[in-house]
Amino acid sequence: MSPKRAAGLVIFRSVNQAIEFLMLQTSYGEHHWTPPKGHVDPGESDWVTALRETKEEAGLSEEDLEVYKDVTKVLNYNVNNKPKVVVYWLAKLKNPETKVQLSDEHQDLKWLPLREAQDIAGYEDMKELLLEFNEKAKDLSC
Ligand SMILES: Nc1ncnc2c1ncn2[C@@H]1O[C@H](COP(=O)(O)OP(=O)(O)OP(=O)(O)OP(=O)(O)OC[C@H]2O[C@@H](n3cnc4c(N)ncnc43)[C@H](O)[C@@H]2O)[C@@H](O)[C@H]1O
């Protein structure tokens, strides 16, 4: 059986030269926090999924973002004993004042610097991803 597949964008904004990551809290389950992402529909590419889910979950379009297609990372973990693969790309919110609009799937959002984003994410692989993407984001914001 092929693993469940999801894709999303790790979105940062630069405010007074500080980098902040967008984290969304689910309105279901254990109310965990992740960047915008979701299941890849049949026949859909990971890339199209990432953009679609970002629009659906955060109200942000490709035009609002600078997406870095070469900055990507894949997480592999188990959900209910079944393998799941999640592909993320790094993206910058062009105008840091653009408002995020949540769907019913999420109940809260936060823009957080690295450490706090890592804390709220909780999982080691996501902490590592955020660390790597933070380094890239610093380079890209210079
Ligand atoms: N418990 C629930 N109750 C009611 N409706 C539910 C539900 N779970 C999902 N749904 C429904 O599914 C829809 C979500 O679909 P989508 O929005 O399409 O898909 P998703 O982001 O991949 O969903 P999910 O939140 O389940 O994924 P994640 O891997 O973060 O999270 C899945 C699990 O993996 C854990 N997890 C997240 N990141 C992890 C990591 N890096 N390592 C290990 N575990 C991780 C999470 O804590 C969580 O337990 C919702 O609209 C809702 O209707």
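**View 1. Lys37, His39 and Asp125 reach the ligand through polar atoms.** In this predicted model, the side chain of Lys37 puts a polar atom 2.8 Å from one of the ligand's oxygen atoms. His39 joins in with its backbone: a polar atom there sits 3.0 Å from an oxygen atom of the ligand. Over at Asp125, an N or O atom of the side chain is 2.8 Å from a ligand nitrogen atom. Taken on its own, the ligand has 930 Å² of accessible area, and the protein covers 68% of that.

**View 2. The ligand takes up the space of the largest pocket.** Around the ligand we count 17 residues, with Tyr28, Glu30, Tyr77, Lys84 and Tyr123 being the closest. Sorted by class, that shell holds seven charged, five polar and five nonpolar residues.

**View 3. Strands and a helix both feed the shell around the ligand.** At least two shell residues come from each of β4 (37-39), α1 (46-58) and β5 (65-79). Of the elements, β4 gives the largest share, with three residues.

**View 4. Trp47 and Trp89 meet edge-to-face.** The model has one aromatic pair by the rule used here. In that pair, Trp47 and Trp89 have their ring centres 5.1 Å apart, with 85° between the planes. Trp47 belongs to helix α1 and Trp89 to strand β6 (residues 82-93), so the two rings tie together parts of the chain that lie 42 residues apart in sequence. Helix α1 is already familiar from the previous view, as one of the elements that supply at least two residues to the ligand's shell.

Conventions: Residues numbered from 1 in each chain as written. Predicted model: local features only at pLDDT ≥ 70, side-chain atom pairs only at ≥ 80, totals over all residues. Heavy atoms only, no water. Near = heavy atom within 4 Å. Polar contact = N/O pair within 3.5 Å; in protein donor to acceptor, adjacent residues only side chain to side chain. Areas by Shrake-Rupley, 256 points an atom, 1.4 Å probe, with all protein chains shown as cover. 1 Å grid on protein atoms, 1.4 Å probe; cavity = no way out; pocket = protein on both sides within 12 Å on 5 of 7 lines; lining within 4 Å. Sits in = over half its atoms within 2 Å of the grid points. Helix = DSSP H or I, 4+ residues; strand = E, 2+ residues; numbered from the N terminus. Nonpolar A, V, L, I, M, F, W, Y, C, P; charged D, E, K, R; others polar. Phe/Tyr/Trp six-rings, centres within 6.5 Å; stacked < 30°, edge-to-face > 60°.
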